[in-house]
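Biologist: I'd like a close look at one single part of this protein, and then how that part sits among its neighbours. Could you walk me through it in plain words?

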Amino acid sequence: MSRESHIEASPDHVRVSLLTISDTRTEESDTSGQYLTSELRAQGHEVVDYRIVRDDALDIRGALNALMRQSQLIITSGGTGITGRDVTIPVVESLITKPMPGFGELFRMLSYREVKGSAMLSRAVGGLAGSTLIFALPGSLNAVQTAWEGLLRDELGHLVFEMTRHVQPGVSGVPVAPDEAESGEGLKVVPPVL
């Protein structure tokens with residue numbers, strides 16, 4: 001199938017959850033969360049949940065596990081830098097079963113045009129976690145706008161189409177092939193929900 005036929009077959013509406021990771025933001029001060037909520041709804045997508053959690057690995061993991069049960073796609077903002085409190089990326093990476101390295105690479109390329117070498121401080125990452133796509137973005141409104149406008153806005157339906165057009169190994173009782181499991185090759189089974 002061509003990209004155009006994939007786009008035509010893609011769903012118009014995606015179930016999306018938003019997770020802001022911050023020790024200081026509230027719903028009133030979370031401009032990134034407000035922006036994404038507005039943009040998603042304007043595009044006809046369903047925002048099924050929106051939460052703010054502290055920069056704490058257990059809080060982040062708990063929220064992501066809950067959101068994965070109800071969402072096709074999760075966008076997080078915050079905690080992607082290199083400070084001692086930035087723990088989002090290790091948590092997200094521990095859940096990802098199919099990494100999408102191109103997302104982080106393209107995000108940093110777009111960011112470089114705006115913030116030059118500071119773009120290297122972002123560890124933004126994306127990938128498939130079982131049957132949910134997760135994209136972890138920096139917390140700043142500018143970074144979220146860059147990712148939304150440059151990467152996610154026009155691809156949400158296509159991403160969900162690709163994720164759902166074949167059953168994912170290890171999801172919904174579909175096991176990884178025994179020879180792949182024994183050799184360590186292939187895909188990992190979805191991590192248990194804690």
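Modeller: Let's start at Lys116, in what is a predicted model. Lys116 has a relative accessibility of 48%, so it counts as partly exposed, since exposed would need over 50%. Its backbone is worth a look too: phi is positive there, at about 55°, although Lys116 is not a glycine. As for where it sits, Lys116 belongs to the loop that links H5 to strand E5 (125-129).

Step back from that loop into H5, which covers residues 101-115, and you'll find a helix pair. The partner is H6, residues 141-152; the two axes come within 10 Å and cross at roughly 125°. An angle over 145° would have been called roughly antiparallel and 65° to 115° roughly perpendicular, so H5 counts as oblique to H6. The handedness of this crossing is right-handed. On the H5 side, the residues that meet H6 are Phe103, Leu106, Phe107, Leu110, Ser111, Glu114 and Val115. H6 answers with Asn142, Ala143, Thr146, Ala147, Gly150, Leu151 and Leu152. Sort the residues of that contact by type and you get 9 nonpolar, 4 polar and 1 charged.

There's another helix pair to set beside it. H3 (residues 57-68) packs with H4 (residues 88-95) at an angle of about 40°, and their axes are 9 Å apart. Roughly parallel would take an angle under 35°, so H3 is oblique to H4. H3 also passes H4 in a right-handed crossing. From H3, the contact uses Ala57, Ile60, Arg61, Leu64, Asn65 and Met68, while H4 brings Thr88, Val91, Val92, Ser94 and Leu95. Here the split is 7 nonpolar, 3 polar and 1 charged.

Now for the whole chain around these pieces. The protein has 8 helices and 6 strands, and from the N terminus they run α-β-α-β-α-β-α-β-α-β-β-α-α-α. It is 194 residues in all, and 46% of them count as buried. If you take the contacts with a separation of 6 or more, 75% come from residues 24 or more positions apart. The accessible surface comes to about 9800 Å², with 54% of it belonging to carbon and sulfur atoms.

Note on methods. Residues numbered from 1 in each chain as written. Predicted model: local features only at pLDDT ≥ 70, side-chain atom pairs only at ≥ 80, totals over all residues. Heavy atoms only, no water. Axes fitted to C-alpha atoms, helices over the stretch in contact; angles between N-to-C directions. Helix = DSSP H or I, 4+ residues; strand = E, 2+ residues; numbered from the N terminus. Left-handed = near helix turned anticlockwise from the far one by under 90°. Contact = heavy atoms within 4.5 Å. Nonpolar A, V, L, I, M, F, W, Y, C, P; charged D, E, K, R; others polar. Buried < 20%, exposed > 50% of the residue type's maximum accessible area, 1.4 Å probe, protein only. Areas by Shrake-Rupley, 256 points an atom, 1.4 Å probe, with all protein chains shown as cover.
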